[in-house]
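User: Before relying on any labels for this model, I would like to see how each one follows from its value and its cut-off. Could we go through them in turn?

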Amino acid sequence: MKNTKKLFIIILCLIILVFAGCSKTTEDSAQETAKDFVMDLYTVNDIEIENYKSLLSLNPLEAMDLYDEVQINDEVLKSLMTDNAYERMLKNRENLKFTEICYRKNYTMQASEIKLAELNTNTEASEAVYNFEVQINLISGDGNESASIAKGTIELAKIDNSWKVAGYRYILPDLLRDL
């Protein structure tokens with residue numbers, strides 16, 4: 001009888017450890033998706049600026065080409081988002097905002113040092129919400145750098161065992177408003 005009770009306690013402890021580990025892994029996965037999204041959103045490199053220039057040269061009759069061209073810069077963002085969230089971003093042209101600013105002012109932009117603060121994570125409902133803060137560096141064509149902090153909120157949903165961005169909001173940093 002003692003052995004059965006000990007075995008039961010050991011099995012119960014193992015089950016608790018497994019569930020605790022799964023919960024932590026789920027949370028870590030959501031955080032990684034959030035960080036990857038913020039990193040890609042706030043990074044604009046020379047290739048993205050060149051792709052943006054090609055958009056400007058398209059005429060309105062080439063609408064499908066325009067749609068395809070817009071998505072070239074969004075491979076990472078699109079893979080991290082739900083279909084609805086990505087479509088909203090396209091409709092609002094949010095995916096082009098930072099690229100347009102960088103193009104007009106001859107800058108590239110690099111994100112670094114992303115900090116997440118959990119607002120709400122409900123693993124049973126497969127939802128997570130984080131505030132984010134990210135340092136961004138603007139690098140001019142002549143090599144001068146300026147730094148700022150961007151802040152916002154990111155909402156995630158778990159779809160088919162994968163965390164996806166379901167929505168986001170950000171406050172445009174002063175450094176970008178002045179451009």
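The exchange below takes up the labels one at a time.

Analyst: One caution comes at the outset, namely that this is a predicted model. As for the overall layout, the protein has seven helices and four strands, and the elements run α-α-α-α-α-α-β-β-β-β-α from the N terminus on.

User: Why is the pair of F98 and Y170 called tilted?

Analyst: The search of the whole structure finds seven aromatic pairs. For F98 and Y170 the ring centres are 5.4 Å apart with 45° between the planes; because a pair needs centres within 6.5 Å, and planes that are neither under 30 degrees nor over 60 apart count as tilted, the label follows. This pair links distant parts of the chain, with F98 in helix α6 and Y170 in strand β4, 72 residues apart.

User: What makes the pair of Y168 and Y170 stacked?

Analyst: The centres of these two rings lie 6.2 Å apart and their planes meet at 10°; since the limits are 6.5 Å for pairing and under 30 degrees for stacking, the pair of Y168 and Y170 is therefore stacked. Y168 and Y170 also belong to one aromatic cluster with F37, Y42, F98 and F132.

User: How do you know that Y168 and Y170 are buried?

Analyst: Buried means under 20% relative accessible area. Y168 has 15% and Y170 has 18%, so both meet the criterion. F98 is buried as well, and the other buried residues of α6 include L96 and I101.

Definitions and conventions: Residues numbered from 1 in each chain as written. Predicted model: local features only at pLDDT ≥ 70, side-chain atom pairs only at ≥ 80, totals over all residues. Heavy atoms only, no water. Buried < 20%, exposed > 50% of the residue type's maximum accessible area, 1.4 Å probe, protein only. Helix = DSSP H or I, 4+ residues; strand = E, 2+ residues; numbered from the N terminus. Phe/Tyr/Trp six-rings, centres within 6.5 Å; stacked < 30°, edge-to-face > 60°.
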